[in-house]
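Notebook open, backbone oddities on the list for today. Here is what I'm looking at.

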Amino acid sequence: MTYFDELETRDHEARAKALASDLPAALQRARTAPALARLLREVEPDQVRDRVALARLPVIRKAELSEAQKKSPPFGGYATRRASEFDHIFQSPGPIYEPGRRDQDWWRLGRFLHASGVGRGDIVQNCFGYHLTPAGMMFESGARAVDAAVLPAGTGQTELQVRAAVDIGTTCYAGTPDFLKVILDRADEMGETLSLTKAVVGGGALFPSLRQAYADRGIVTRQCYATADLGNIAYESDALDGMIVDEGVIVEIVRPGTGDPVPDGEVGEVLVTTLNPDYPLIRFATGDLSAVLPGDSPCGRTNMRIKGWMGRADQTTKIKGMFVRPEQVAALVSRHPEIARARVIADREGEMDVLTVQLESPADSGDAYAASVADTLKMKGRVQIVPPGSLPNDGKVIEDRRSYD
C-alpha cells in the first residue's frame with residue numbers, strides 16, 4: 001500500500017508534536033485577518049499548543065460568518081488576503097462567499113483521491129458544479145494533485161455525459177452519490193457500456209444499497225466529507241472503517257450549542273480548525289453531527305477517525321410558539337454541575353404543545369430544576385429525572401416527536 005505522504009502514518013507522539021508547532025503558527029497568521037484579530041485579541045498563540053487549549057477558544061458559526069460578510073464583503077474579514085489576491089471567489093447558497101486558489105491542492109482533495117486509488121492514467125469525469133459554487137474546482141484541484149486527467153463535465157445533460165464517457169473512456173466518476181446512477185441508467189437506455197471502475201463522491205449520503213449497486217457494476221466507490229468553507233475534512237480508505245480526518249485540519253466533537261468537547265464515542269457537533277494560511281477558520285461549527293471512532297484505521301493511516309455524517313446539530317425547534325435552541329439547553333445544564341446531559345422533547349397532547357425536559361441527574365425529583373427550565377427555555381415544562389447514561393447517544397438535545405402528517 002502506498003500513501004499520499006508520510007504525514008498519514010505518523011505516530012501519535014509525532015502528530016502531537018507537530019500540532020504544538022502548527023497550531024500557534026496558524027493562530028498567529030489568523031490574527032492578520034481583521035475578524036479573527038478581534039475574536040482572538042485576548043488569545044496568546046504560544047499558549048495554544050494542544051486540543052485542550054484549543055477548546056478554550058470561541059466557536060465561529062456560519063450565521064456569524066454570513067453576517068460579517070454582509071457588513072464587510074466578500075469574506076467578512078476572515079481571510080488573510082484581499083479578494084483580488086485569490087484566484088477564485090465562489091458564491092454558495094446564503095449567499096456565502098468562499099475564496100479559492102489554484103496552487104498546492106488548496107482544498108486538499110488529492111489525499112482523498114489517492115486513498116481511493118485515483119492517479120496517473122485515470123480520467124476523472126468531474127460532475128460537480130463549476131458554476132458559482134466551488135465543488136467542481138475542489139475536485140479538479142485534487143485530480144491535478146494525483147496526476148489524473150479531468151473531463152470538466154459539470155451537472156446535468158445526462159445524454160452528453162454518457163457520450164463523453166464512452167468517447168473519452170473516463171475511468172473515474174466524481175460527483176454526488178446519486179447522479180452516477182442517473183448516468184449509468186441513461187447509458188443502459190442508450191445501449192452503451194462505460195469504462196468507469198472508480199467513483200469519488202461527496203455532497204450527499206452514500207447509502208449502502210447504492211454503494212453495492214455500483215460495486216455490482218464493477219465500480220469501487222469512496223466518499224469524502226468536505227465543505228466549501230473548509231475543504232476536505234475526512235475521507236474513506238479501502239478499510240471502509242469510518243472516515244479518516246485530513247492532515248490539514250483539526251476536528252473536535254462538541255456538545256451541540258456549546259464548544260465543549262464530548263467524550264470519544266459520544267455523538268456531537270463537528271468543529272473544524274483549518275491550518276489553511278489564506279482562510280484560517282478557527283473552531284468553525286459545521287452544524288453536522290458525528291462521533292470519534294477509537295483506534296487507528298486498519299489501512300495504516302493514524303489520524304483521528306470519525307463515523308461520518310450522522311445528522312444535523314442545529315435542532316432549533318418552535319414549541320408553544322417560542323423557539324428553543326441548543327444553546328439554551330446547554331445553558332440549563334451549565335447551571336447544575338450534577339446534570340450530565342439533557343434532552344428537550346416537543347410533543348402534542350390533544351391540540352396543545354407539550355414540553356418535557358429529561359435530565360441525567362442523581363436528584364430524586366425534577367422539582368429543583370423547574371425554575372431553571374422556565375428561566376433558560378423561557379417556558380414551563382415537565383421535568384423528568386433519568387439515570388446517568390440512559391439518554392440516547394445520537395447527539396440530539398432537542399427532539400421533536402410531533403407528527404406533521
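R108 came up first in my notes: I find it buried, at a relative accessible area of 15%, and the cut-off for that word is under 20%. This is a predicted model, so I read the number as belonging to the prediction. What caught my eye at R108 was its phi, which sits near 65°, a positive value in a residue other than glycine. I looked up where R108 lies and landed in the loop between β3 and α5 (110-115).

Next entry, another positive phi. D147 is not a glycine either, and I read its phi as near 65°. Is D147 buried or partly exposed? I get a relative accessible area of 44% for D147, which makes it partly exposed, as that label covers what falls between 20% and 50%. I placed D147 in the loop between α6 (135-145) and β5 (149-151).

A reminder to myself on why I bother to log these: most residues other than glycine have a negative phi, and most peptide bonds are trans.

On to the peptide bonds. Which residues does the cis bond with omega of about 0° join? I found P73 and P74 on either side of it. For P74, I noted the loop between α4 (62-71) and β2 (88-92).

I also logged the peptide bond from G94 to P95 as cis, and there omega is near -10°. P95 has its place in the loop between β2 and β3 (96-100).

Notes. Residues are numbered from 1 along each chain as its sequence is written. This is a predicted model: local features need pLDDT of at least 70, side-chain atom pairs count only at pLDDT 80 or more; totals for chains, interfaces and linings use all residues. Side-chain values use heavy atoms; hydrogens and water are left out. Helices (H or I, at least four residues) and strands (E, at least two) are DSSP runs, numbered from the N terminus. Buried means under 20% relative accessible area, exposed over 50%, partly exposed in between (1.4 Å probe, protein chains only).
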